[in-house]
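Student: I would like a close look at a single part of this structure. Please take one sheet and then place it in its chain.

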Amino acid sequence: MISRALAEEVLTCAMTGGADFVELYGEITRNNSVQMVDGKIDRVSDNLISGVGIRAFLDTKTVFASTSDTSRDGLIKCARAVAAAMGEMRTVEHIRLTERMFPNIHPVKVMTTDVDAKIRADLLRAGCFAAKEYDPAISQVNGTLLGVDHTIWVANTEGLYTSDRHVRTRMAIASVASAAGVNQSGFNGPGAGMGLEFFDTVDPAAIGREASRCAMVNLKADYCPAGTMTVAIENGFGGVIFHEACGHSLEATSVSIGASQMAGKLGQQIANPKVTAIDDGTIAGAWGSVNIDDEGTPTQRNVLIENGILKNYMIDRLGSRRMGMPMTGNARRQSYTFEATSRMTNTFIANGPDKNEDIIASMENGLYCRKMGGGSVNPLTGAFNFSVAEGYIVRNGKICEPVRGASLVGTGSEILQNIDMVGQNLERAQGMCGSASGSVPTDVGQPLIRVSSITVGGR
Amino acid sequence: MLFEEMKQALVAAAKKAGLEQYEIYYQNSESVSADTLKDEINAFASSVSGGICFRCIVNGKMGYASGELMTAEAMEDMVQRAVSNAQVIDSDDEAFIFAGSPSYATLEAKEVKLSDATVIRDNALRLQKDMYATDSRVGDGTQSSALSIVKEIHLYNSNGLELSNRVGMSGAYTEAVLRDGEEAQQSFEFAEGEDYEKLAGLPAKAVNAALDKMGAGLVDSGKYDVLFDGEEFRNFLSVFSDAFSAKNAQLGLSLLAGKEGEQIAAPCVNVIDDPMREDAPIKATFDGEGVATARKAVIENGVLKTLLYDLTTAKKAGVESTGNGQKGSYASPVSIAPYNFGLQAGEYTQEELFQKVGNGIYINECKGFHAGADAVTGDFSIESAGFVIRDGKKAEPIKSFTVAGNFFELLKEIDSLGNEVRWGIPMSFTVYGAPDVLVRNMSIAGK
């Protein structure tokens, strides 16, 4: 897309405004999805995104411009806009770039976006039909099979010229169960940083059945009672609790400007000693993995919290300049129209010392959250909320009847101290995380955990 | 111009492919923004992005393809992709390329242009200075931003329909961060406008809102009469507007299906969707299928008058499209969405509403609607913050509680409405507005 010579010319031009660093990011992304509703393939979306973003730094001031015009003229125009916004024109030396290749630790066998839509449609049918056939009370099923083929180019005035290809595949199915004018829903959406071979590892029909199972549980459930209680949160998407309650507050985006409850707390005990939390962008074929981040820094395994002690933040280039700390391979952006900033990759709580059965047995009265929905957080105050997609009352150490419509609210610093039991069945699950630099794929994860006390919203 | 060139390339490619029914939708956006940190501009950004969507009917099925690469070869490839994508569709829904509405509204003849970069920078800087000047507790993390956006849309189809629209908006937002001892609080405010006079109220509003939250305590779980601020209640309309989509109704994903003509809300409830609302910064004269937009009462005196329709769902229901078949971006498939979707004002001032509550809760902050509310079931359980109402007056602040219920039940339980509608930030062509809303006996989960 962008030759090395053209990248050199563009970077040199963008430097003429007096910046001390300029970065060029280009992308070509094929987004391809098949959607099924009511037993029929309803829509096929097929979009080709192409554009560049140029960002200049002068200390911690930035100027950014982006364009979908990827012709030479378009790029030069964009570079001139950056230079003009940065400051007075001056002459600069020609930038020289050296191509650098990073190892591909996420090899893909079958590019989902290249496969005939009919084959993708058949896979989706298998998932949706299995969901519909799960129970006669399943009234509607909605499914999507998404394939993304995302190639990026990164060049900067430190001489870097490189590219990477991120491939993702995901099937998401939502089931609705109905009885007597009441609707209840269930969702399941596994994905991976893989091609179509993802479906060698997971059966589409099983994806659909799981969504319907959840909807049926909720259909038979009563409203969750409200109040403060002990809560056990199951593995997989339960990890959204850490993502919201703590992960966002560890991103340089908020830490570096002092807008995070976690700013200035490195080395301090911020969580129960049973809690170790990790952000790892290097897990082979994982949904949130990439070889290099969107600033060209290789991803790494970052231990964020070790035995309750805050060890590190997630840091992009601007955050690194502001904080005087090294970059961690966490710079991410949805597309060329966004400026990269620090974001999570695959973030999870590691296995702990407690046996899972002991966790449930320890609860006299409480709530067992088998599946979590999404949530959100205010990084400044740490106030968070998330919804419980499948929950059960726990009585005398036994999981009892299902309850619906619950949510958990609290603050990050509180819940981190209140995670007083950590089990041993770590599993990750997939989500899309929305923040300043757009929507990016992230994994959340944890083993079964117990929170000694948290506010449960219900009625 | 670029669109004309690409249009001709697409028309030629469509002809070569033997297509008779097709549509070309082009959207180009330009934006400029400036952000501040401490007392200076720390980030300045500008962007130009445009894309084309080509869709065509092949054997009665609609195929889509879209992209941003503006070359003749890319256009030819796009037509091929759309044709091949159409062959996978097995939906029985009838597909349409629209012939055109009898007439279209015209926008006032005012030139829509991007704000000058200097104006944007100055607005952001002035807001930031005013924020710090408002209170000594304003500190790190406080940010002010100003922005301007212009969007141009062209629609052309094989029936010869040719429409275009150019809209734009300028505005600013402020995020005040205040610290008092160990406690930090923040508040986010937005206002539309290019002249500083229109934005000048933001700093005081943001700072005072953050200050009001200082020292917030917890509230006991229980049933309370709740006054929702209009700025929060409009978020309920946003989440649950999906239930007003005829597509969701026809798929059994809306509890409003089959309820047209029935009482679904308290008699004081009136909801109007008005694409040409007078004060709206962004107005739409036609939708994503080329249908003329129109003002309509969605709920009148508590009775559901109509759902929102596009061409396909209208045909299925035997009614006319309401012109709500929107495209969020050039690449989005047509999807039903409202324009200026507003719960209409009632008769009471906020003070009068506090008095009507007597003892209860005033909610002016709600979080996490995407997770805590389900448009299919109507259930919600939302993280909230606000104030205790005691003896008819706003008292101490409270935080970290949830308000839970079911939206469709809540509509019937609305007791009274405030006399001023507060509109939100437009996303694409959609914006929600609501007055203060008093609902009795809501479930609150706190300590």
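How many bridges join strand β8 of chain B to strand β9 of chain B, and do the two run parallel or antiparallel?

Tutor: The model is a predicted one. In it, strand β8 (residues 271–273) and strand β9 (residues 296–300) of chain B run antiparallel, and three bridges join them. Across this pair, B:D273 stands opposite B:K296 in β9(B).

The two strands belong to an open sheet of six strands in chain B, whose order is β10-β9-β8-β13-β19-β18. The pairing in this sheet is mixed. Its edge strands are β10 (303–304) and β18 (422–423) of chain B, each of which pairs on one side only. A helix also packs on the sheet: α6 (residues 230–240) of chain B touches β13 (340–343), β18 and β19 (431–434) of chain B. The direction of helix α6 makes about 130° with that of β19(B).

Now for the chain around the sheet. Chain B has eleven helices and 20 strands. Its radius of gyration is 24 Å, and the globule rule gives 22 Å for 447 residues; the two values are close, so chain B is as compact as a globular protein of that length. The C-alpha trace of chain B spans about 75 × 55 × 35 Å along its principal axes. Of the 447 residues of chain B, 55% count as buried.

The domain assignment divides chain B into domain 1 (2–212) and domain 2 (222–445). Taken over C-alpha atoms, the centres of these domains of chain B are 23 Å apart. Where they touch, 28 residues come from domain 1 of chain B and 23 residues from domain 2 of chain B. On the domain 1 side of chain B, strands that each supply at least two residues include β1 (22–37) and β2 (40–58). The largest share of that side, four residues, comes from β5(B).

A general point helps with the interior: in soluble globular proteins, nonpolar side chains tend to be buried together. Here the largest nonpolar core has 220 residues, and those touching the most other members are A:V231, A:A232, A:V456, B:F54 and B:C56. Both domain 1 and domain 2 of chain B give residues to this core, so it lies between them. Leaving aside neighbours within four places in sequence, B:F54 is in contact with B:L10, B:Y22, B:I24, B:A65, B:M78, B:V79 and B:A82. Another core, of 59 residues, lies apart from the largest one; among its members are A:A79, A:A81, B:I41 and B:A184.

Technical notes
Residues numbered from 1 in each chain as written. Chains lettered and ligands numbered in written order. Predicted model: local features only at pLDDT ≥ 70, side-chain atom pairs only at ≥ 80, totals over all residues. Core = buried A, V, L, I, M, F, W, Y, C linked by C-beta atoms within 7 Å. Buried ≥ 20, exposed ≤ 12 C-beta atoms within 10 Å, placed from the backbone. Domains from an automatic or database assignment. Contact = placed C-beta atoms within 7 Å. Pairing = 2+ DSSP bridges. Axes fitted to C-alpha atoms, helices over the stretch in contact; angles between N-to-C directions. Rg over C-alpha atoms; globule rule 2.2 N^0.38 Å.
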